Structures are given as structure tokens and as C-alpha cells.
Amino acid sequence: MPRIDVPIGDVLQILEDLIQTPSPTGSTEWAVAMVENELAAMGVSFQRTTKGAVVASVEGLRHDQPRGITAHLDTLGAMVAQIKPNGRLRMTALNGVNWPTVESEGVTITTRGGQQVRGSIVLNNGAVHVSRHAIDSPRNADTLEVRIDERTLSAEETRLLGIDVGDPIAFDPRFESTPSGFVRSRFLDDKAGVACLLAALKALRDLGLSAGQDTHLLLSVHEEVGHGGSDGLPAELAELVVVDMACVGTGQNGDEFHCSICLKDSSGPYSSELSNKLRGMADQAGIELKPDIYPHYGSDGSQYWRAGGRAQVALIGPGVDTSHGYERTHIDALRDTANLLAEYLLSE
């Protein structure tokens, strides 16, 4: 049994609050402020980096092998690439948007002046009673557009709403937690990991327990575009545990009901020493940790190493189905991930 059973209610509450707070890469201020409030309520010291990430510091019983844990707050989304002559918007993706999965999704455009304008993503000339290609047309950045929920039929009218090229576009998450324990939502990548980490830390603080080693928590805000992993972490780290979604799909060893540990992704293998350490902790705590390899994946750990980071790096996370689409996980995977993080925080 794990030494601490992190309350799943805390995980779910933090997760829902995070999910309902939009944070596409480049527009993460609200989510960052929410995390800062959570840390402040726990009495954890933190600072914001120049790039906008949050780095929190937790004093440990020992100081000889400082460690880091990171998870990312930023999500997929889009930006306005063009105001079209008909007043609608052409989008550019914030990294790996799977375009067919966002057709018909509601969106919020945030203008430079702070106004929020609602709309939805539709196929251009998408009426099946008008276009014989509406059903079989490809869905991509060139064929999908944002239909704004305001009376605008021209680029000039759209600009009068305050909308301009470069404004962030946040997709509706559609969060739902079911009685059977499933959680369905966009952006479980990686707000599920952030929620597990914050809930694990909260469990230690509520019980008056100290971390085993000085620990630095990085809540990064540029993971989805590939340069979040080294932002604000001290150079002297001995270990870095990355918490990000675990891949679920054909040929994968993990599933939605467990925490997985990635031993290799598209950037190469992770640290076998640190990975085996975590696997040993999971065995002792009775957590079934699924080893896996991800063929089309990179993490903040990869970027940390590429930026010159010298610590050992391992990658864990709850299994998430249909990544970069309408994602799903289960409370069992969230519980195991949070409990393993608590074990790691306690360890020396």
C-alpha cells in the first residue's frame, strides 16, 4: 500500500478547475495565476519565470540530491492567422492539433484589448445542401474556419470587434466526470499531470509531512511548442521527473486505468537508473506501473536534456486515450499517478 493515499476528490477538483481555465500556449496567464493561488494556499514558495512559467520550491529533509518535478500547463489551441474577406477567421495551429477532431467545436477568441468573442469551428462552405464536397472534403487549417458569433460579414466588421491576427483561440474543453470513474475532456494533456502533482503535494502538506529532498516544481507553459522544459530549474538537479500524459492505443502497453512510465520516446531512452527507482517505489506501494515506449512523442524532459540539463530524467503519467483529440482517462490512473508522486516526494 502507498504511504499516502492522495484524495481523488482533490485531484478531480483541481483538474476540473484547471481544465475550465483556458491556457493555449502563449496565453497561459489565467492558469498560471490559478496554480499560484493553489501553491499559496499550501504555503509553498514560488516565483514566476521571465517566460511566464511557475517554479515552486519545497524544502526537504535532505539537501544533497536536489530534484525536480515538471508538468505543463499550456495546451493545444490556435491563433488567428487571417481575417478572411467574409469576416471569418483562418487559423494556425499551436503545434499538434488534430484538425478533424475540432470541427464543430466552440471557441473563444481573446483580443489584445481583453475582450472575449465566442465562435465555432466549421468547414468553409460546409452546408451539405449547398456543397457536394461538404462530406468528403479534407479537414485541415486551410478548409476549417472560425465562424464568429457576432454580426460580421466582412474583414472590416470583424476588426471592429477588436479581433486581429495573432489573437489566441481557445477550444472548449467539454469536461465531464462520469459515475463509472471516467474523465472525458480536452487538455488532459497535461492538466491531468498538473492536477496529480498539486494534489500529491497538498496531501503531504495536509499531513504535515516533509519532502525527502529539496524539490523544485516547474509548471511549464511552452511544452506544446518545444521549449518549456528547462525554464527556471536550478542547474544542480540530480533528478528530474516529468509528469505528462501516457499514450494509449494499438500496440501500447499502457491503458486508461494505470500510470505508465515511458522508457523511450522519439527523442531516445530516458534514464534507466531513475526509471528503475520509480518502478521499485511503485512495486513497494502496490502500484501497477506500466512500462511503455512512445513512437511519436517528446516531453519537457527531452527539451531539458537538449538545453544542456545534466540530471537523470524519467517520464510518468496517467494513461490518456485519443491524445490531442477528445481525450479520456480514469480515476484509477489519476490516483496511481498522484500516489506515486507522493511516494517520490517522500523518498530520500
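Select strand 4 and strand 9 (residues 168-171): they pair in the antiparallel sense over two bridges. Two strands count as paired if DSSP finds at least two bridges between them. Strands here are DSSP E runs of at least two residues, helices are H or I runs of at least four, and both are numbered from the N terminus. Zoom in on Met79, which stands opposite Pro168 in strand 9.

A word on the model before moving on. It is predicted: local features need pLDDT of at least 70 and side-chain atom pairs count only at pLDDT 80 or more, while totals for chains, interfaces and linings use all residues. Residues are numbered from 1 along each chain as its sequence is written, and side-chain values use heavy atoms, with hydrogens and water left out.

**The hairpin**

Keep strand 4 (residues 78-83) and add strand 5 (residues 89-93): five bridges join them, and they run antiparallel. Pick Gln82, whose bridge partner in strand 5 is Arg90. Now step into the hairpin, with its five residues between the strands. Gly87 takes a positive phi near 90° there.

**Two loops**

Go to Gly113, in the loop between strand 6 (106-110) and strand 7. Gly113 is exposed, because its relative accessible area is 65%. The cut-offs are under 20% for buried, over 50% for exposed and partly exposed in between, with a 1.4 Å probe and protein chains only. Draw a distance from Gly113 to Gly162: their C-alpha atoms are separated by 7.0 Å, though the two are 49 residues apart along the chain.

Next, select Val128, in the loop between strand 7 (116-123) and strand 8 (144-148). Val128 also counts as exposed, at 53% relative accessibility. Leaving aside neighbours within four places in sequence, Val128 is in contact (heavy atoms within 4.5 Å) with Ala134 and Ile135.

**Two helices**

Show helix 1 (residues 8-19). Its twelve residues should span 16 Å at 1.5 Å a residue, and its end C-alpha atoms are 16 Å apart, which agrees. The expected span is 1.5 Å times one less than the number of residues. Colour Ile8, Val11, Leu12, Ile14, Leu15, Leu18 and Ile19: these are buried. An α-helix has 3.6 residues a turn, so residues three or four places apart point the same way. The buried residues of helix 1 pack against several elements, among them helix 2 (29-42), helix 4 (188-206) and helix 7 (331-346).

Move to helix 4. Of its 19 residues, 16 are buried, so the helix is mostly covered. Its expected span is 27 Å, and its end C-alpha atoms are 25 Å apart, which agrees. Just after helix 4, look for Gly208, with a positive phi of about 70°.

**Two pockets**

Which residues lie closest to the centre of the largest pocket? Select Cys247, His296, Tyr297, Gly298 and His324, from a lining of 25 residues. The space in the largest pocket is about 490 Å³. Helix 6 gives the largest share of its lining, three residues. By class, the lining has six nonpolar, 14 polar and five charged residues.

Finish at the second largest pocket, with about 170 Å³ of space. Pro22, Ala170, Phe171, Asp172 and Pro173 lie nearest its centre, among 16 lining residues. A pocket is an open set of points on a 1 Å grid over the protein atoms alone, where a 1.4 Å probe fits, with protein on both sides within 12 Å along at least five of seven lines; lining residues have an atom within 4 Å of a point.

Technical notes. Grid points are joined across faces, edges and corners, and a volume is the space filled by probe spheres set on the points. Ala, Val, Leu, Ile, Met, Phe, Trp, Tyr, Cys and Pro count as nonpolar, Asp, Glu, Lys and Arg as charged, and the others, Gly among them, as polar.
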